[in-house]
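The exercises below are to be worked with the sequence and the coordinates at hand. Each task is followed by a solution in steps.

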Amino acid sequence: MSQTPDGESPQNDAERPLEINGVPLNQLSGRQLDQLTAALLQARGYADIASTIQARSGGLVSGVQAQPAITLEEFVDRHTPRVQRSGQNPYDQPGVTTRLAGILAGDPTGKPVIPPPSNLTAVMDGAASRLLVDDPLNRQEAFRDLQAWVEGSLDMYKPEFRPLLFPVFVHFYLDLVQAGYFEGASAFLRRFYNYFSVGHRVTLEKLSALTSPIHVDQSEIAKRFRSEQYVLRMSQSGKDLFLGWLTDGAGGEELGAGTGITTAARAKKGRDQILRILNNHLTFHVTSSHSLTISPNVWEESTGLMKSLIPPQSAEADNDTVMANGTAVEQFNAAHGSLKLGIPGPEGALKDEVEKILQEDHAHTVQMANGQIPHHLAHPDIRGMIQPPSNGHPVPTPNELPPMPPNFRTVDIKREVERVRDMRRRIKLDASNFSAMERKEFSMNGFDQRQVTARQKALPSICCYTFKDAPEGVSSTAFSADSTLLAAGFQESYIRLWSTRGERLRALRTDFDISEVKDLREIRERHGTTTRKLVGHSGPVYALSFDPTGGAAVPPRFLLSSSADATVRLWSLDTMTNVVAYRGHTKPIWDVEWGPRGIYFATGSRDHTARLWTSDRVLPLRIFAGHLSDVDCVKFHPNSLYLATGSSDSTCRLWDVQTGLCVRVFLGHQGPVTAMATSPDGKYLASAGEDLAINLWDLGTGKRVKKMTGHTATIYSLAFSQETSVLVSGGADWTVRCWDVKSSGGLATKSSGGGAGTGEDATIADANGFVKRTAGGGGGTEATAEKEEDDNFATRDLMETFPTKRTPILNVHFTPRNLCLAAGFYQPPVGEMPFERR
């Protein structure tokens with residue numbers, strides 16, 4: 001309300017006419033209205049529309065350059081006015097709408113007349129399909145409408161509906177960037193970033209760097225989304241529901257929704273835009289199975305830009321048969337038949353020698369105990385212990401395995417004997433009696449003896465080595481097979497060695513006459529040092545691997561390292577010097593690993609290839625090509641016949657070492673694969689990605705067994721216990737986590753308040769179905785909120801989380817007796833003084 005100067009009764013401000021430079025809008029002339037209309041359009045970036053108004057009204061508006069007039073059809077095709085919310089539309093002001101309509105109708109007098117209905121209808125009909133293209137706000141609301149429908153659907157349909165949100169989101173964002181709406185595209189990305197941040201963080205970061213049309217044209221990820229079909233899997237009933245929503249908007253609506261597209265017309269135009277994306281860029285594979293009979297993880301596993309990720313089928317493959325029998329991934333894996341995943345044991349004379357030594361050990365044990373030993377230990381099955389247990393898969397013959405030396409050595413006998421001894425003394429980890437509910441009960445009542453006993457049987461003992469005051473930056477770590485040595489690679493291109501027993505490291509001297517040497521111990525350094533520094537690389541050292549030939553019986557003799565200088569170096573641990581430099585990769589080498597039996601090793605590089613090497617040759621034996629991006633990690637199968645690779649293209653592959661062919665493809669991650677581990681029994685492959693998920697794969701079928709979540713930052717390392725019952729992971733969230741491999745898993749989500757929302761509620765559900773707390777979600781301390789969020793993300797197979805003191809875990813390793821070793825470097829808080837300077 002306002003008071004007039006002469007004391008008259010107050011007048012409502014809303015009833016006063018809009019004034020421009022002190023003149024009421026309803027008193028402006030036609031020419032002035034033209035100026036106002038063109039100025040508004042010019043300010044909003046519609047220079048061509050402003051020039052049209054100028055040409056039709058016979059004059060120029062100050063500050064606007066003259067441009068050639070366009071026809072009505074060109075105007076409709078190129079520059080349709082944006083439809084905005086009531087109160088924000090510049091054409092809602094008195095006189096402006098009729099004036100603009102008169103100009104569009106072709107009235108040369110410039111008088112504010114209402115155009116014939118036919119002309120206005122033609123304009124609106126021609127512009128309908130472009131309304132949402134031109135207005136970023138409307139595009140946001142269209143996507144929010146789809147999001148609200150998905151989150152408002154029945155729980156049984158949400159896992160299959162959620163995967164379709166991300167491709168629609170990406171194409172909407174790319175449309176905005178290519179159309180030049182950079183601020184609108186940025187606002188669109190910010191609004192829905194948290195919804196997709198868990199599963200698609202890497203893709204979102206790449207999209208955020210696209211701020212101009214030329215960026216879109218040059219971006220590899222944008223090219224893939226534009227040129228390839230994004231595959232989605234859906235049930236028949238789910239497809240019918242989705243088509244029903246696209247047709248008439250029927251379906252569920254999320255609690256608290258209703259603030260999206262406010263009118264039926266705008267809602268229909270929004271669904272039309274979504275339909276355009278579906279028709280041009282998405283492919284649906286419809287399954288006849290009901291939604292309730294399919295695991296929620298299957299929907300995610302079967303989606304994505306899969307055309308270039310799957311190796312081409314053979315000429316005999318029938319595309320119709322491919323889709324009839326399942327997804328293209330399933331068909332590819334099935335086409336390569338069964339794999340020989342069995343673990344071979346020692347054969348022939350080696351087996352006889354090992355059995356003889358073990359019989360002597362047993363006889364000595366009985367003699368020392370005077371017969372006072374348990375009956376089951378008095379007559380052990382030594383022959384059965386020598387042969388690894390069967391995993392239900394065929395065992396490859398010696399002729400099918402990579403060639404090995406024809407004659408065994410003393411170190412081979414020691415390795416096999418020590419393997420059996422460790423098996424008899426191993427601490428068995430049994431997680432079957434330590435369920436998620438028991439874990440929660442234990443956390444509330446730690447004095448329950450039954451829970452304490454179950455916890456002791458399920459969880460391993462963990463010894464963590466922390467690097468303190470390492471300003472050079474620790475980039476990699478590795479433990480030797482006998483757990484006596486620890487190696488660390490640094491960003492400053494060197495390697496350091498330590499003894500885990502605290503012993504001094506002594507190398508062979510160089511000042512001796514080899515003809516007079518009778519024992520190597522005579523020419524070793526007398527004193528040695530507690531640590532040794534290995535210098536040779538010219539870039540950061542990204543991976544290390546100790547020679548496993550001696551197993552847990554003898555210390556390793558060699559060490560492999562890979563670096564950003566595109567070389568792999570072989571180091572002698574006897575002389576502490578570099579012996580060989582292997583060159584073949586053209587870009588940084590991210591990972592290197594010895595084969596289980598030594599001799600062979602594998603590398604993965606930024607040049608998109610993995611390579612197989614042998615220590616006595618400087619050139620690679622095999623090149624495994626097929627990944628679309630960096631090969632970040634490599635891992636041998638325990639029988640040495642297969643090599644697993646993980647890549648930044650979000651896939652894992654299994655290769656036949658002998659033929660060089662890809663025999664399995666594993667799809668399910670939503671980001672680069674950062675770590676892998678093969679189970680000791682040879683049945684499973686575990687992979688971790690930057691999507692913060694750990695996937696467990698069945699190597700025989702190529703299918704995902706389950707998905708495990710709980711980490712809150714990148715996962716760096718994975719390791720199986722010796723019985724494949726427990727999986728341990730370490731990552732950048734400063735934790736070591738233990739997972740139950742045999743458990744069925746599954747999310748243990750919980751919500752509060754009014755349920756899951758899309759951005760305004762106390763809790764929100766993201767694209768993976770996780771429930772997350774928003775800023776306005778309630779009180780409590782910060783630590784409590786973080787703990788609750790961790791619990792919401794964790795699956796039921798997470799047995800325990802062991803936090804460290806600000807130490808990202810770079811490597812986890814199980815000893816043959818199931819002791820877990822971990823290594824990482826301490827990250828001091830900002831401003832903390834290094835220990836040596838205090």
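**Exercise 1. A bent helix**

Where in α10 is the kink centred, and what is its angle?

Solution. The model is a predicted one. The kink in α10 is centred on His200 and amounts to about 115°. Next, compare the end-to-end distance with that of a straight helix. Helix α10 covers residues 182-208, which is 27 residues. A straight helix would reach 39 Å at 1.5 Å a residue, but the end C-alpha atoms of α10 are only 11 Å apart.

**Exercise 2. A helix for comparison**

Determine the expected span of helix α21 and set it against the distance between its end C-alpha atoms.

Solution. Helix α21 runs over residues 410-425, and its 16 residues should span 22 Å at 1.5 Å a residue. The end C-alpha atoms of α21 are 23 Å apart, so the distance agrees with the expected span. Now list the buried positions of α21: Asp412, Ile413, Glu416, Val417, Glu418, Val420 and Asp422. For reading such a list, recall that an α-helix has 3.6 residues a turn, so residues three or four places apart point the same way.

**Exercise 3. Packing of α9 and α10**

Describe how α9 packs against α10, then classify the residues of the contact.

Solution. Start with the geometry: helix α9, residues 165-179, packs with α10 at an angle of about 145°, and their axes are 10 Å apart. The crossing of α9 and α10 is left-handed. The contact between α9 and α10 consists of 18 nonpolar and 4 polar residues, with no charged ones.

**Exercise 4. Cysteines**

How many disulfides does a search of the whole structure find? Why is there no bond from Cys652 to the closest cysteine sulfur?

Solution. The search finds 0 disulfides. For Cys633, the nearest cysteine sulfur belongs to Cys652, at 6.5 Å. A disulfide needs the two sulfur atoms within 2.5 Å. The sulfur of Cys652 is therefore too far from that of Cys633 for a bond. As for accessibility, Cys633 is buried at a relative accessible area of 5%, and Cys652 is buried at 0%.

**Exercise 5. Positive phi**

Place Ala566 and Trp734 in their loops, and give the phi and accessibility of each residue.

Solution. The background is that most residues other than glycine have a negative phi. Ala566 has a positive phi, near 70°. Ala566 sits in the loop between β11 (558-563) and β12 (567-572), and is buried with a relative accessible area of 12%. Trp734 also has a positive phi, near 65°. The loop that holds Trp734 joins β27 (726-731) and β28 (735-740). With a relative accessibility of 27%, Trp734 counts as partly exposed.

**Exercise 6. Sequence separation and distance in space**

For Glu355 and Leu278, name the helix, decide whether the residue is buried or exposed, and find the C-alpha distance to Arg383 and Tyr230, respectively.

Solution. Glu355 belongs to helix α18, residues 348-369. Its relative accessible area is 15%; the cut-off for buried is under 20%, so Glu355 is buried. Arg383 is 28 residues from Glu355 in sequence, with 6.7 Å between their C-alpha atoms. Leu278 belongs to helix α14, residues 264-281. At 6% relative accessibility, Leu278 is buried. Tyr230 is 48 residues from Leu278 along the chain, and their C-alpha atoms are separated by 9.1 Å.

Terms used:
Residues are numbered from 1 along each chain as its sequence is written. This is a predicted model: local features need pLDDT of at least 70, side-chain atom pairs count only at pLDDT 80 or more; totals for chains, interfaces and linings use all residues. Side-chain values use heavy atoms; hydrogens and water are left out. Helices (H or I, at least four residues) and strands (E, at least two) are DSSP runs, numbered from the N terminus. The expected span of a helix is 1.5 Å times one less than its number of residues. The bend at a residue is the angle between axes fitted to the seven residues ending there and the seven starting there. Buried means under 20% relative accessible area, exposed over 50%, partly exposed in between (1.4 Å probe, protein chains only). Axes are lines fitted to C-alpha atoms, for helices over the stretch in contact, and angles run from 0 to 180 degrees between N-to-C directions. A crossing is left-handed if the near helix is turned anticlockwise from the far one by less than a right angle, and right-handed if clockwise. Ala, Val, Leu, Ile, Met, Phe, Trp, Tyr, Cys and Pro count as nonpolar, Asp, Glu, Lys and Arg as charged, and the others, Gly among them, as polar.
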